[in-house]
Amino acid sequence: MTAEQLLQQLKDIQPPPEPAWWLLAPAHGIAIGLLILVVVCIWLILRHRRANYKAGLAEQALRHISASYERDQDAHRLALALSKWLRQVSLLAFPGRQVESLCGKSWLLFLDESLGDDAFSSGQGRVFGNLIYAQQVNLDTAQLLALCGQWLAAVKPQLRQRGRD
């Protein structure tokens with residue numbers, strides 16, 4: 001056979017069919033799996049940080065109030081600041097309950113309920129009822145700060161839950 005005859009017998013090379021879409025190389029599968037894992041980890045970290053954000057803000061505000069009292073030693077101003085702080089944190093922790101309308105004895109009972117003790121209605125915390133507006137009130141500031149710290153520890157789960165919502 002001559003070279004020309006041989007060339008005429010040649011046929012085009014048929015490429016193999018395209019591989020199915022699900023036949024990815026193992027490296028591609030591993031890369032996609034790692035990408036999904038990284039995204040899920042970032043989502044969980046952000047969710048955890050957001051859940052602890054409100055509780056951290058409340059702790060920071062309480063420390064700020066305490067430091068302010070250490071500077072000026074004004075017990076009445078401390079009591080007013082703590083009362084305002086209790087109201088603000090209550091609004092954050094219990095948004096579905098009509099906290100803003102509570103006052104006097106009902107406010108103290110709400111604080112007792114959220115603390116799980118009666119330290120507000122029968123203890124030093126009574127000052128957060130209507131006594132806070134009296135001219136002469138004997139305040140044990142260390143007890144008030146400790147009571148507010150205990151209350152914050154009791155409502156932290158609600159703050160964290162609201163942070164996840």
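Helices (H or I, at least four residues) and strands (E, at least two) are taken here as DSSP runs, numbered from the N terminus. With that convention in place, I turn to the model itself.

What I present is a predicted model, in which local features need pLDDT of at least 70 and side-chain atom pairs count only at pLDDT 80 or more, while totals for chains, interfaces and linings use all residues. Residues are numbered from 1 along each chain as its sequence is written, and side-chain values use heavy atoms, with hydrogens and water left out.

First, confidence. The pLDDT, which is the predictor's confidence in each residue from 0 to 100, has a mean of 83 over the protein chain. Of the residues in that chain, 92% reach 70 or more. Among the elements, helix α2 (residues 26–72) has the highest mean pLDDT, 89, and helix α5 (residues 141–164) the lowest, 82.

I begin with helix α2 and its surroundings. I32, I36, V40, W43 and L44 make a nonpolar surface patch of about 490 Å²; W43 is found in α2. A patch is made of residues with over 30% relative accessible area and no salt bridge, like charges being joined within 9 Å and nonpolar side chains (Val, Leu, Ile, Met, Phe, Trp, Tyr) within 5 Å. Accessible areas come from the Shrake-Rupley method with a 1.4 Å probe, and for residues only the protein chains shown count as cover.

Moving along the chain, we come to Q73, in the loop between α2 and α3 (75–93). Most residues other than glycine have a negative phi. Q73 is not a glycine, yet its phi is positive, at about 55°. Its relative accessible area is 47%, which makes Q73 partly exposed; the classes are buried under 20%, exposed over 50%, and partly exposed in between, with a 1.4 Å probe and protein chains only.

In helix α3 we find A81, partly exposed with a relative accessible area of 25%. A81 and I65 are 16 residues apart in sequence, and their C-alpha atoms are 6.8 Å apart in space.

Next, charged pairs. Side chains of opposite charge can pair when their charged atoms come close. A salt bridge here is a side-chain nitrogen of Lys or Arg within 4 Å of a carboxyl oxygen of Asp or Glu, and by this rule the count comes to three. One of them joins K156 and E59, with the closest N and O atoms 2.0 Å apart. K156 lies in helix α5 and E59 in helix α2, so this pair ties together parts that are 97 residues apart in sequence. K156 counts as buried at 18% relative accessibility, whereas E59 is partly exposed at 26%.

R77 takes part in two further bridges. Its closest N and O contact with D72 is 3.0 Å, and that with D74 is 3.9 Å. D72, D74 and R77 are thereby linked in a network of salt bridges. D72 is partly exposed at 32% relative accessibility, as is D74 at 30%.

Now helix α4 (residues 104–115). Its twelve residues reach 17 Å from first C-alpha to last, close to the 16 Å expected at 1.5 Å a residue; the expected span is 1.5 Å times one less than the number of residues. Which residues of α4 are buried? They are G104, W107, L108, F110, L111, D112, S114 and L115. Just after α4, G116 takes a positive phi of about 85°.

Finally, aromatic contacts. Rings of Phe, Tyr and Trp (its six-membered ring) pair if their centres lie within 6.5 Å; planes under 30 degrees apart count as stacked, over 60 as edge-to-face and the rest as tilted. A search of the whole structure finds four aromatic pairs. One of these is F94 with F110, edge-to-face, at 5.3 Å centre to centre and 85° between the planes. This pair links distant parts of the chain, 16 residues apart: F94 in the loop between α3 and α4, and F110 in helix α4. Both rings belong to buried residues, F94 at 9% relative accessibility and F110 at 4%. F120 and F128 form a tilted pair, 6.1 Å centre to centre and 50° between the planes. F120 is buried with a relative accessible area of 0%, and F128 is buried with 2%. To return to α4, F94, W107 and F110 form one aromatic cluster.
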